[in-house]
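The following exercises ask the reader to examine a protein model step by step. Each task is followed by a worked solution.

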Amino acid sequence: MTSVRAVLVVGAGAAGTATAVRLAEAGVEVDVVEREPDVGLRGAGITLQRNALRVLRDLGVWERVRDLGYAFDGVALRSPDGGLLVEADDRRAEGEDLPATLGMRRPDLARVLVDRAREAGAAVRTGVAFTGLAQDEHGVDVTFDDGSSGRYDLVVGADGIRSSTRRAVGIDVEPRPTGMGIWRVTAPRPAGLTRTELVYGGPCFIAGYCPTGSDTIYAYLVERARDRTGLDAGQRLEVVRGLAAGYGGHWGFIREHMGEPNYTWFESHVLERPWHRGRVVLVGDAAHSCPPTLAQGAAQALEDAWVLTELLLAADRLDEDLWRRFGDRRHDRATAVVDASVQIAQWLLDGERGDMPGLMGRIATMLQERP
């Protein structure tokens with residue numbers, strides 16, 4: 001007997017769908033509601049490192065992800081003119097069957113995970129949001145904006161950085177800007193581009209790109225945060241092409257073939273323990289968010305889901321001991337990733353030569369182990 005029999009998951013992103021898959025496969029009745037009407041419309045690309053790929057493999061979607069994305073084991077650092085500075089290969093541990101990194105289109109990953117949740121038996125409704133949560137000692141009564149309602153043993157708030165669930169349970173922590181903004185674009189994959197390549201410096205703090213499939217990439221340019229809301233599509237493209245003109249190598253091709261740019265600010269927050277209020281728990285970006293300087297946002301969300309569901313399925317009741325163990329396994333690890341991601345961004349903003357390789361190495365070593 002598990003600790004829960006009926007669970008509501010709010011949000012159909014990585015954390016929410018991973019939670020739904022694990023619980024539904026174990027026979028738990030799972031409802032998933034997602035405010036967006038279509039989960040496969042937004043986003044450019046995503047970089048998934050090995051700790052994320054382990055969870056995706058265990059969820060049963062590795063083959064689909066592998067076929068849609070682009071796997072590689074190396075990274076390169078280049079100078080702004082395109083000259084090669086450093087190459088690094090991530091050697092697989094003995095018996096390891098996963099690459100170090102996989103890039104893919106974010107909408108493709110979203111669709112794969114939602115499809116898998118439905119295959120596992122979860123009821124996924126899109127274009128639906130909750131309107132009220134009322135909990136007592138034994139459960140949570142939830143109303144929805146489509147007029148329906150339900151009662152659940154647990155509500156999992158996996159509804160992202162602007163989490164409505166977080167606000168509904170009275171947690172007033174909100175993400176704060178870190179001082180950087182990022183332009184993201186998609187483009188065809190230039191011949192010879194087979195890994196992530198990064199430039200620190202030039203017109204931007206960071207210029208990089210990652211293959212996301214056999215013929216696609218996504219590229220990104222990180223600048224000091226600015227208000228870009230007044231730009232139309234043509235003006236956004238002009239800005240990004242102007243920034244890209246300051247870089248050599250593959251950037252010449254990318255500049256000429258890029259799609260419509262997207263712009264967001266880097267933000268960050270971490271909830272102090274506990275991440276639950278009664279029978280409502282927060283995971284993924286609802287609980288912690290960080291700049292993508294370590295490419296760990298989705299990975300940490302997937303790890304949250306894996307640990308939470310492991311504990312829920314192993315316990316026979318929902319109690320403070322379960323929540324203590326969840327916090328022991330997730331809070332410090334997620335906080336370390338957030339702090340390191342913010343520190344890298346701050347060094348770049350301040351023009352300081354911090355020990356970036358050392359910090360990245362320590363985080364990489366920590367992430368080699370399961371949480």
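**Exercise 1: Two domains and their interface**

The chain is divided into domain 1 (6–69 + 106–175 + 268–368) and domain 2 (177–266). The model is a predicted one.

Task. Describe how domain 1 and domain 2 meet, and state which elements of domain 1 take part.

Solution.

Step 1. Begin with the separation: the C-alpha centres of the two domains lie 27 Å apart. Contacts join 17 residues of domain 1 to 16 residues of domain 2.

Step 2. Consider the area. Between them, domain 1 and domain 2 bury about 1300 Å², of which 70% is on carbon and sulfur atoms. A44, L348 and L349 supply 38% of the area that domain 1 buries against domain 2, more than any other three residues.

Step 3. Examine the pairings across the interface. The rule finds 0 salt bridges there, but it does find 2 residue pairs in polar contact.

Step 4. Identify the elements. On the side of domain 1 that touches domain 2, β3 (45–49), α9 and α10 (356–367) each give two or more residues. Helix α9 gives the most, with 4 residues.

Step 5. Classify the residues on this side of domain 1: 11 are nonpolar, 6 are polar and none is charged.

**Exercise 2: The surroundings of a serine**

Task. Is S341 buried or exposed, and which residues is S341 in contact with beyond its neighbours within four places in sequence?

Solution.

Step 1. Locate the residue: S341 lies in helix α9, which spans residues 320–350.

Step 2. Apply the cut-off. Buried means under 20% relative accessible area. S341 has a relative accessible area of 0%, and therefore it is buried.

Step 3. Follow the side chain of S341, which reaches the backbone oxygen of V337 at 2.8 Å.

Step 4. List the contacts. With neighbours within four places in sequence left aside, S341 is in contact with C290, P291, T293 and L294.

**Exercise 3: Salt bridges**

Task. How many salt bridges does a search of the whole structure find, and where do R78 and E197 lie?

Solution.

Step 1. Recall the principle: side chains of opposite charge can pair when their charged atoms come close.

Step 2. Take the total, which is 32 salt bridges for the whole structure.

Step 3. Study one pair. The side chains of R78 and E197 meet in a salt bridge at 2.8 Å, N to O. R78 lies in strand β5 and E197 in strand β14 (residues 196–200), so the pair ties together parts that are 119 residues apart in sequence. Both R78 and E197 are buried.

Step 4. Turn to a second pair. R329 forms a salt bridge with E310, and their closest N and O atoms are 2.6 Å apart. This pair links distant parts of the chain, with R329 in helix α9 and E310 in helix α8 (residues 297–314), 19 residues apart. R329 counts as partly exposed at 25% relative accessibility, and E310 counts as partly exposed at 32%.

Step 5. Note a network: salt bridges that share partners join R273, D321, R324, R325 and D328.

**Exercise 4: A glycine in a loop**

Task. Where is G82 placed, and which residues does G82 touch, not counting those up to four places away in sequence?

Solution.

Step 1. Find the place of G82, which is the loop between β5 (74–78) and β6 (84–89).

Step 2. Judge the accessibility: at 15%, G82 counts as buried.

Step 3. Name the contacts: not counting residues up to four places away in sequence, G82 touches G248 and G249.

Key:
Residues numbered from 1 in each chain as written. Predicted model: local features only at pLDDT ≥ 70, side-chain atom pairs only at ≥ 80, totals over all residues. Heavy atoms only, no water. Buried < 20%, exposed > 50% of the residue type's maximum accessible area, 1.4 Å probe, protein only. Polar contact = N/O pair within 3.5 Å; in protein donor to acceptor, adjacent residues only side chain to side chain. Contact = heavy atoms within 4.5 Å. Domains from an automatic or database assignment. Buried area = accessible area lost by both parts, 1.4 Å probe. Salt bridge = Lys/Arg side-chain N within 4 Å of Asp/Glu carboxyl O. Nonpolar A, V, L, I, M, F, W, Y, C, P; charged D, E, K, R; others polar.
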